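Here are my notes on the model you sent. Please read them with the structure open.

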Amino acid sequence: HVHLSESNGSVFGSGHINFAAVWEALRKIGYQRFISVKVYRGASTHEGARSTMEYLRNLARREPPLPE
């Protein structure tokens with residue numbers, strides 16, 4: 001599986017990780033398995049889960065076409 005966490009341990013988008021590039025790299029290799037996430041600072045468990053799902057869904061919605 002792939003494990004994702006923001007550089008500062010907080011909610012996705014609040015640190016230095018370029019998750020759009022990570023997402024695209026996973027798409028390019030055809031990854032279709034599990035992804036686990038970890039938010040351990042700056043948010044409750046519920047808020048961390050909610051905001052992470054929203055962030056990842058937004059990434060999935062704006063997927064550009066893969067280059068030929």
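1. Start at Phe19. In this predicted model, Phe19 touches Leu4, Ser5, Glu6, Phe12, Gly13, Tyr55 and Leu59, leaving aside residues up to four places away in sequence. Phe19 is also one of the buried residues of α1.

2. Where does Phe19 belong in the largest nonpolar core? That core has eight residues: Phe19 is joined there by Val2, Leu4, Phe12, Trp23, Leu26, Leu56 and Leu59. At least two residues come from each of β1 (2–5), α1 (19–28) and α2 (45–61). Helix α1 gives the largest share, three residues.

3. Which residues of α1 are buried? They are Phe19, Trp23, Glu24 and Leu26. Viewed down the axis of α1, the buried residues fall within an arc of 160 degrees, so they line one face of the helix. The general rule is worth recalling: an α-helix has 3.6 residues a turn, so residues three or four places apart point the same way. The cover over the buried residues of α1 includes β1, β2 (35–38) and α2.

4. Look twice at Glu24. This residue lies in helix α1. Is Glu24 buried or exposed? Its relative accessible area is 17%, and the cut-off for buried is under 20%, so Glu24 counts as buried. The side chain of Glu24 makes a polar contact with the side chain of Arg27, at 2.8 Å.

5. Check both ends of α1. Asn18 caps the N-terminal end of α1. A side-chain oxygen of Asn18 lies 3.3 Å from the backbone nitrogen of Ala20. After α1 comes Gly30, with a positive phi near 75 degrees.

6. Now β1. Its side chains alternate. Val2 and Leu4 point to one face and are buried. His3 and Ser5 point to the other face and are not buried. As a general point, side chains in a regular strand alternate between the two faces of the sheet. Both Val2 and Leu4 are in the largest nonpolar core.

7. Finally, the strand pairing. How many bridges join β1 to β2? There are four, and the two strands run parallel. His3 stands opposite Ser36 in β2. The chain passes from β1 through α1 to β2, and this β-α-β crossover is right-handed.

Terms used
Residues numbered from 1 in each chain as written. Predicted model: local features only at pLDDT ≥ 70, side-chain atom pairs only at ≥ 80, totals over all residues. Heavy atoms only, no water. Core = buried A, V, L, I, M, F, W, Y, C linked by side-chain atoms within 4.5 Å. Buried < 20%, exposed > 50% of the residue type's maximum accessible area, 1.4 Å probe, protein only. Contact = heavy atoms within 4.5 Å. Polar contact = N/O pair within 3.5 Å; in protein donor to acceptor, adjacent residues only side chain to side chain. Arc of directions from axis to C-beta. Pairing = 2+ DSSP bridges. Right-handed = clockwise from strand over helix to strand, strands pointing away.
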